[in-house]
Amino acid sequence: MNQIVPAKRQGTDLAAPEMQDYVTMLIEGQMFGIPVLTVQDVLGAQKITRIPLAPREVAGSLNLRGRIVTAIDVRLRLDLPRRREEDKGMSVVVDMGGELYSLMVDSVGEVLSLPAAKFERNPPTLDPKWREFSMGIYRLEGKLLVVLDVAKLLDFTRSE
Amino acid sequence: MDDLLSEFLTETSESLSVLDVELVKLEQNPEPAILQNIFRLVHTIKGTCGFLGLPRLEHVAHAGENVLGKIRDGELEVTPDAVTLILQAIDRIKLILGHLEQHECEPEGNDSELIARLNAMAEGRAAPAAEAPAAAAPAAAPEPEPAPAAAPQPQPVQPEPVAAQPEPAAEPEPVEMPAPKANVPAPTPQPPAVREAAPAVAAEAPKESAVAAQTIRVNVELLENLMTLVSELVLTRNQLLQMVRGRDDSEFTAPLQRLSHITTDLQEGVMKTRMQPIGNAWAKLPRIVRDLSVEMNKKIDLQMLGAETELDRQVLELIKDPLTHMVRNSADHGLEGPEERKRAGKPEVGKVVLNAYHEGGHIIIEISDDGRGLNLDRIRAKAVANGLATEAELDAMTNQQIYQFIFKAGFSTAEKVTSVSGRGVGMDVVRTNIERIGGTVELKSQPGKGSTFVIKIPLTLAIVSALIVECAGERFAIPQISVLELVRVTNNSEHGIEMINNAPVLRLRDRLLPLVSLKKLLRLSDEGEGERQETFIVVTQVGTYTFGIIVDRVFDTEEIVVKPVAPILRHITMFSGNTILGDGSVIMILDPNGIAGATGESGMLGGAQATDTQLVRDSHAEAKTSLLVFRAGGSDLKAVPLALVARLEEIDVAEVEYSHGKPMVQYRGHLMPLISIDGSTQFRDEGRQPVLVFSDREHTMGLVVNEIVDIVEDRLKVELRTDQPGVIGTAVIVGKATTIVDAGYYLPQAFGDWFGNPAKEYGEEEHLQPRILLVDDSPFFRNLLTPLLSVAGFDVIAVEGADRALAMREQGHDFDLIISDIEMPGMNGFDFAAAVRSDGRWQAIPLVALSSHATDKDFERGRTVGFNDYVAKFDRDSLLQTISQLLAAVKGAA
């Protein structure tokens, strides 16, 4: 849990003091957020090429303006059931070490500017899988926002 | 200006500007990685200028490197004094370089004072020695300051540098010394940032003037971006074309056509900017090796093969230094001196061979030498001394594993540190650089025989032509370079996919081709292959291993730019990359190497013996021959080696015509004589008659049979010989006694010029199994004579050319007799005989010429060049006789 503090501080350096901007996303009704500065693009449904033998969370790859982006199904990564066929879904493209990844979620919402005071650590009761990918929780009006740790989400060497 | 020199200048100024930054970083944060980098840069500068004959530069760099070496080994600490001193050395280097650029020679002068200080620092007497000159320098600073500034200026006005030089000549020591330091003392008191900027500007200004005129150096990243933009442009163009295609008379058609052409040209142009033949990276090597051979007193022959192999320039840049290092190492450490070589029984001239080629979607660069090989004992000792492994651990390792230690940092086994190499930079840097671009480097070494480094670089950025295939609805690209051919298999086609215990195979001509189901391999779906109407087999070759990949459909070939897959997918060895096709979709690129490896054939990939020699001897022992089993002229089974049969045909009996009472058909625009197996032609009354077509060059004949039974793979072991014409003997084929038909008997019946007289008897049987080398470019005759000779009791190896035969001599094969064709592409039989007779181990081996042109003149010529006898090509009888006689003569003589 000790990564939370430096990670947060790094974020606040970039944004207004003590405030951090997040792109919010919905998966299975749960709200998630990732720092807005890590987001490159928000995409609608895309034509995705399946990659055989890849980890099941890897949905495939797609062409984003001439760059190849690897699509990750966040639902499967979080041990949630696969998205229903008829739901189109949306994607958030992030840059990780010079490579682009598209995080497939149910929908992408607005950008929220959140004060650090509302940030909490992961509750110990959280599912271990979720705890691995969550940096902490923001208490919002009426709901909670889980801050996704994108680096861990894309680190397939640990989970396998 | 000398190309080599100008390149050196450009390169060195780049290195130097990096050095400035790195050194300052080092001062603030003495990290080993930074130090390693600085050390390497200085080492490179020193190494290169040593070869270019720039002694002054070399000495300064060498002294600087000594200090850095001590720091790296932890013997010296990084103090501001040390950094200042090294910066001074670097400034001196810059000054000399500046002069070099303008006058193409080193300035006169003497660096002994600076070198003395550097050496003092290296020996640990740093503090006092450095203090004094540092104090003295600022005093001198104001005066010489204008000197370097003035130096470039007179250049345009007064081309002769002499004007500026007399001063140092008159008073070499005192004046020259402060002059080069001019840049240094002034900034010394300033903060590092400023100091760093000042020399950079000084060095840059004159550099630009000279180099800028010829070429522009463009950042590769810029090209990369350009490439991406062009790709997008192509995609957009394709979309537009698609939209207009539907309408016939659109006003957009013409401009769009133009746009299309320009886009294509642009795309090609941008692609071209990134590709360079690897020879560019080698251009410097001959000179380096030459100088090295002079310096080390060795005789070195540098051979460079495949210089035209194209490489992405980014990759090229990255492997350039490693390659230079490795060639230098091979020449310096690998090759022995001429005396040592003579003692070891090797030619005086040592060989260093560079070979580059594409293989299975990779670029392979081999650097081999025929020197002494790596010194195992010294590597072991060094590994123990450096604490990399214990004695016990080393004992458990194979020699090849121990060799790998040379890739560890700080590992040098050279006994003395020469100015050339032996400081332990090199191999670890080589490996790091190659691995950074996703390549691998392998090392093979044999004591006394030499070492070979194999660098394998994936086509990360290279452009390849790829075959697009589809399997279970997904499309994949297969690099065209590894595709040999495509076979279409339908439910009712002659050769279908067969299963051996669930392993699919295909009979492809005379071979059994192992198949890999892409669907199963990639777990695309669980259904089997059976239910499809038609499938395609992509016959793929990796190294010496050939296999087929079963796919559903085959599309076109496309030029693709290979992009590496995301790091999270790198573990999947089936893919070498991915790419974006013209229609904008992403597609995975299959890696034939990975597929071969996954199907358990990785062991065959490194097969060193890639010769195409047909080891027919094996067909006696365990290798199997494909045989065509048929019935003709009776109910017993007959068989011929499948390799002899060109085609299987069914002819309409109604089309059979007679001429001179002999049956023939019009076949592919020619008359094809038809021969029956027992002399009396027994055509069916009507319908179609199966015919085995034998063909060699322009001759084609048909052997009429009653029924084609099967194609089988079995050992061809003739158990019963016979004197009956047209029959070689009887063998057990798939558990049944089968008559092996001598195709050679029937051929002369069709064409008089194919054979003289049909053979009646065989030569005396040889029990010692003499070995015969058969050299003939025609596969037909190789296949014809090989079984004939084998059955007569000889051990036959057939090769398709004189070059190959001579290569076998080099490889140490021995024969009792050589039979050679005369008319062959490349080296003909006469030249071959001369080559065999001229020297080498084969001098005494009997040589028999084989030719269809058997005139007296040919006989004469053949005997002059060294053939023992001359046999007309189709006279099997006298061939066998001749062989027996010659072998008997040799035996008698021995």
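A residue counts as buried if 20 or more other C-beta atoms lie within 10 Å of its own. By that measure, 36% of the 160 residues of chain A are buried in this structure, which is a predicted model. For the complex of chains A and B, the predictor reports an ipTM of 0.81 together with a pTM of 0.42.

**Confidence in chain B**

- The mean pLDDT of chain B is 72, and 75% of its residues reach a score of at least 70.
- Within chain B, confidence is highest in strand E18 (residues 586–590), with a mean of 91, and lowest in strand E19 (residues 614–615), where the mean is 32.
- Residues 126–209 of chain B have a pLDDT below 50, and, beyond near neighbours in sequence, this stretch makes 90 contacts in the model.
- The pLDDT is also below 50 over residues 753–767 of chain B, a stretch with 32 contacts in the model beyond near neighbours in sequence.

**Where the chains touch**

- The contact between the two chains draws 21 residues from chain B and 19 residues from chain A.
- On the side of chain B that touches chain A, the elements giving two or more residues are helix H13 (220–245), strand E17 (575–580) and strand E18.
- Sorted by class, that side of chain B holds 12 nonpolar, five polar and four charged residues.

**Nonpolar cores**

- In soluble globular proteins, nonpolar side chains tend to be buried together.
- The largest nonpolar core here has 74 residues, and the members that touch the most others are A:Ile72, A:Val92, A:Val105, B:Ala477, B:Ile478 and B:Leu590.
- Strand E18 of chain B supplies the largest share of this core, namely five residues.
- Leaving aside residues up to four places away in sequence, B:Leu590 touches B:Phe476, B:Ala477, B:Ile478, B:Met574, B:Phe575 and B:Ile595.
- A second core, separate from the largest one, has 70 residues, including B:Tyr667, B:Ile677, B:Ile711 and B:Ile772.

**Helix H5 of chain B**

- Helix H5 of chain B spans residues 112–122, and its buried residues are B:Leu114, B:Arg117, B:Leu118, B:Met121 and B:Ala122.
- Viewed down the axis of H5(B), these buried residues fall within an arc of 140°, so they line one face of the helix.
- The background to such a pattern is that an α-helix has 3.6 residues a turn, so residues three or four places apart point the same way.
- After H5(B) comes B:Gly124, which has a positive phi, near 95°.

**Chain A and its two loops**

- Chain A contains five helices and 11 strands.
- If one takes the contacts in chain A between residues at least 6 apart in sequence, 53% of them join residues at least 24 apart.
- Most residues other than glycine have a negative phi.
- A:Glu28, although not a glycine, has a positive phi, near 50°, and it lies in the loop between strand E1 (19–27) and strand E2 (30–35) of chain A.
- A:Glu28 has 12 other C-beta atoms within 10 Å and is therefore exposed, since the cut-off for that class is 12 or fewer.
- A:Leu53, another residue other than glycine, has a positive phi, near 70°, and sits in the loop between strand E3 (39–43) and strand E4 (58–64) of chain A.
- A:Leu53 counts as partly exposed, because it has 17 C-beta neighbours inside 10 Å, a number in between the cut-offs of 12 or fewer for exposed and 20 or more for buried.

Definitions and conventions:
Residues are numbered from 1 along each chain as its sequence is written. Chains are lettered from A and ligands numbered from 1 in the order in which they are written. This is a predicted model: local features need pLDDT of at least 70, side-chain atom pairs count only at pLDDT 80 or more; totals for chains, interfaces and linings use all residues. Helices (H or I, at least four residues) and strands (E, at least two) are DSSP runs, numbered from the N terminus. The arc is that of the directions from the helix axis to the C-beta atoms. pLDDT is the predictor's confidence in each residue, from 0 to 100. Two residues are in contact if their C-beta atoms, placed from the backbone, lie within 7 Å. Ala, Val, Leu, Ile, Met, Phe, Trp, Tyr, Cys and Pro count as nonpolar, Asp, Glu, Lys and Arg as charged, and the others, Gly among them, as polar. A nonpolar core is a set of buried Ala, Val, Leu, Ile, Met, Phe, Trp, Tyr and Cys residues joined through C-beta atoms within 7 Å.
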